[in-house]
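Me: Could you take a close look at one part of this model for me? I would like a connected account of a single buried spot and its surroundings, please.

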Amino acid sequence: MRVQQALRCAQQLRAVLQGSTLAAKSLVGPAGHAAAEGLLVRQCMQRPGERSCTFGSIISAGPSRLMIQQGVTTAWRGFAASQTHRAADAAPAAGGAAMLAWRRMCTAAAFTATKHGAQAVGGASAVLPAVQQSLAAGLSHSAAKQVSAWLGFSAAWVASMVVLGGVTRLTRSGLSMTDWKFTGEKPPQSQADWDAEFAKYQMSPEFQKVNSRMTLDEFKFIYWMEYTHRMWGRILGLVFAVPAAYFVARGVVTRRLGTRLGLLFLMGGTQGLVGWWMVKSGLQAPTKEYDTPRVSPYRLAAHLASAFSIYAVLLWSALSLAAPVPQLAAAAPAVQAAAARLRGAAVPLSCLIAITAASGAFVAGLDAGHAYNTFPLMGGRIVPEEYWAIPGWRNAFENTAAVQFHHRVLALTTLAAVGATWVAHRGAPLPPSTHRWLGALAAVTAGQVALGVTTLLTYVPVSLGAAHQANALALFSVALALLHSLRRPLGAATPAARLFTPLAAAATVGVWAVVLRADKGATPLHPAVSH
């Protein structure tokens with residue numbers, strides 16, 4: 001009976017071995033790993049039946065991956081030999097090996113070890129379910145690292161796309177290409193091609209009202225800016241798809257990971273569609289005679305929000321594969337409590353940061369940064385005189401004065417809230433990485449506000465405008481990293497967290513429906529206006 005129990009345990013160990021060693025590595029540093037190895041291995045080799053030598057304590061202390069592998073090897077040899085009904089007679093040595101593996105790794109005392117391993121073993125009961133429920137479940141340590149690096153690189157590529165998109169907007173290049181193909185556009189190859197492309201641009205409202213004196217050479221600059229932005233996005237598709245196919249061919253992609261990758265593919269396709277939907281709004285004549293042709297600020301905000309969403313999913317997935325076990329899984333109660341308090345502040349803070357970034361998209365969409373180039377007052381007043389220039393709810397999104405005022409208020413509120421959070425929690429018993437991310441959040445927030453004010457006072461030069469947008473993404477990244485360091489043990493995840501992927505997929509499909517339905521009309525949902 002005990003031999004069969006050991007064999008069943010060996011089967012389970014084989015399934016969780018890679019994830020368990022990955023968990024152990026994330027719980028202890030290299031120094032602790034090396035220091036504990038000699039002592040624990042000697043102790044367990046001499047007294048394999050002791051509680052401190054059980055599977056749970058070994059995993060929690062994290063020192064002996066080799067020993068676990070040896071134990072599983074012997075157990076599986078026993079399993080292979082005992083497939084005959086004469087295991088006791090034909091393979092007594094194998095049965096003994098399986099018994100030894102069972103005694104070392106599968107005793108019921110694994111999670112109630114002696115004082116030496118009490119905290120670590122308590123953590124093991126959270127570590128193993130966490131590994132099995134994480135995005136890295138079923139992946140070897142090396143495979144998880146490879147996929148994490150790939151997704152992290154993809155996230156960096158998306159970040160570069162956001163910055164390049166900002167430069168494209170600041171140089172007023174976004175409306176230079178008047179058509180769009182999903183597979184890509186062939187750039188002009190000859191003088192005749194350039195003349196034809198320029199002729200199409202000359203029919204656009206932007207040329208007729210803003211750039212009527214533009215030369216062909218000047219047009220080439222804005223054309224190449226927009227073309228580069230579009231092709232950079234299409235290359236990102238290859239950067240994502242080719243490694244994905246490679247990992248699928250290797251059998252690395254599990255069902256859980258495949259679902260996440262499918263969501264990212266869907267979001268990426270949606271981003272391209274939303275981008276063209278945005279550009280189309282700027283190719284239509286303004287509704288008022290003296291309005292400047294520009295893309296709808298609503299669609300610009302949707303395009304930016306979509307990019308931030310893709311970036312967030314990529315970054316979070318990369319972090320989750322690099323560190324599959326929440327660092328709080330084996331933390332002391334005082335650390336757990338301090339982390340819970342900080343989490344309660346960090347979640348709304350992250351939402352505030354995201355809302356502030358979205359309000360910046362409306363500032364960009366209305367060119368509101370070129371008005372009220374003073375700080376802290378606007379036109380000599382705290383609240384500008386033109387604040388209520390448009391009746392109703394549209395005033396908050398289409399009135400230059402209101403949009404810039406809201407962005408200022410949100411930015412200063414974010415600075416105050418982040419500063420207060422840092423002061424309140426800087427002395428709390430939090431993990432070191434959490435303290436580092438919290439300090440980084442305060443520093444990057446202060447830098448972002450200073451950069452925004454400088455950009456405003458200098459009338460939004462391209463360099464500072466692009467830096468302000470890039471730093472907004474950096475601030476968003478730090479907020480995500482802070483939240484990731486505060487993850488609950490996966491067994492305690494909220495229903496919203498468990499339903500994230502299907503809800504995100506449903507939202508993405510909803511965006512497709514809205515865009516395709518709106519695209520049938522001749523005018524944008526809300527035509528852009530200027531004041």
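Here is the part I have in mind, followed by the reply. Where is the place of His229, and which residues is His229 in contact with, leaving aside its neighbours within four places in sequence?

Reply: Happy to walk you through it! Please keep in mind that this is a predicted model. The protein chain has 20 helices and zero strands, and His229 sits in one of those helices, helix 11 (residues 216–249). His229 counts as buried because its relative accessibility is 14%, and buried means under 20%. Once its neighbours within four places in sequence are set aside, His229 is in contact with Met161, Leu164, Gly165 and Thr168.

Those partners take us to helix 8, which covers residues 141–170. Its 30 residues should span 44 Å at 1.5 Å a residue, and the end C-alpha atoms are 44 Å apart, so the expected and computed values agree. Just after helix 8 comes Arg172, with a positive phi of about 55°.

For the wider setting, 48% of the 531 residues in the protein chain count as buried. Taking contacts between residues at least 6 apart in sequence, 80% join residues at least 24 apart. The protein chain exposes about 25100 Å², with carbon and sulfur atoms supplying 65% of that area.

As a counterpoint to His229, you might look at Phe375, which is partly exposed with a relative accessible area of 34%. Phe375 lies in the loop between helix 14 (333–365) and helix 15 (395–398). Together with Leu412, Leu415 and Leu457, Phe375 forms a nonpolar surface patch with about 310 Å² of accessible area.

Definitions and conventions: Residues are numbered from 1 along each chain as its sequence is written. This is a predicted model: local features need pLDDT of at least 70, side-chain atom pairs count only at pLDDT 80 or more; totals for chains, interfaces and linings use all residues. Side-chain values use heavy atoms; hydrogens and water are left out. Patches are made of residues with over 30% relative accessible area and no salt bridge: like charges are joined within 9 Å, nonpolar side chains (Val, Leu, Ile, Met, Phe, Trp, Tyr) within 5 Å. Accessible areas come from the Shrake-Rupley method with a 1.4 Å probe; for residues, only the protein chains shown count as cover. A salt bridge is a side-chain nitrogen of Lys or Arg within 4 Å of a carboxyl oxygen of Asp or Glu. Helices (H or I, at least four residues) and strands (E, at least two) are DSSP runs, numbered from the N terminus. Buried means under 20% relative accessible area, exposed over 50%, partly exposed in between (1.4 Å probe, protein chains only). Contact means heavy atoms within 4.5 Å. The expected span of a helix is 1.5 Å times one less than its number of residues.
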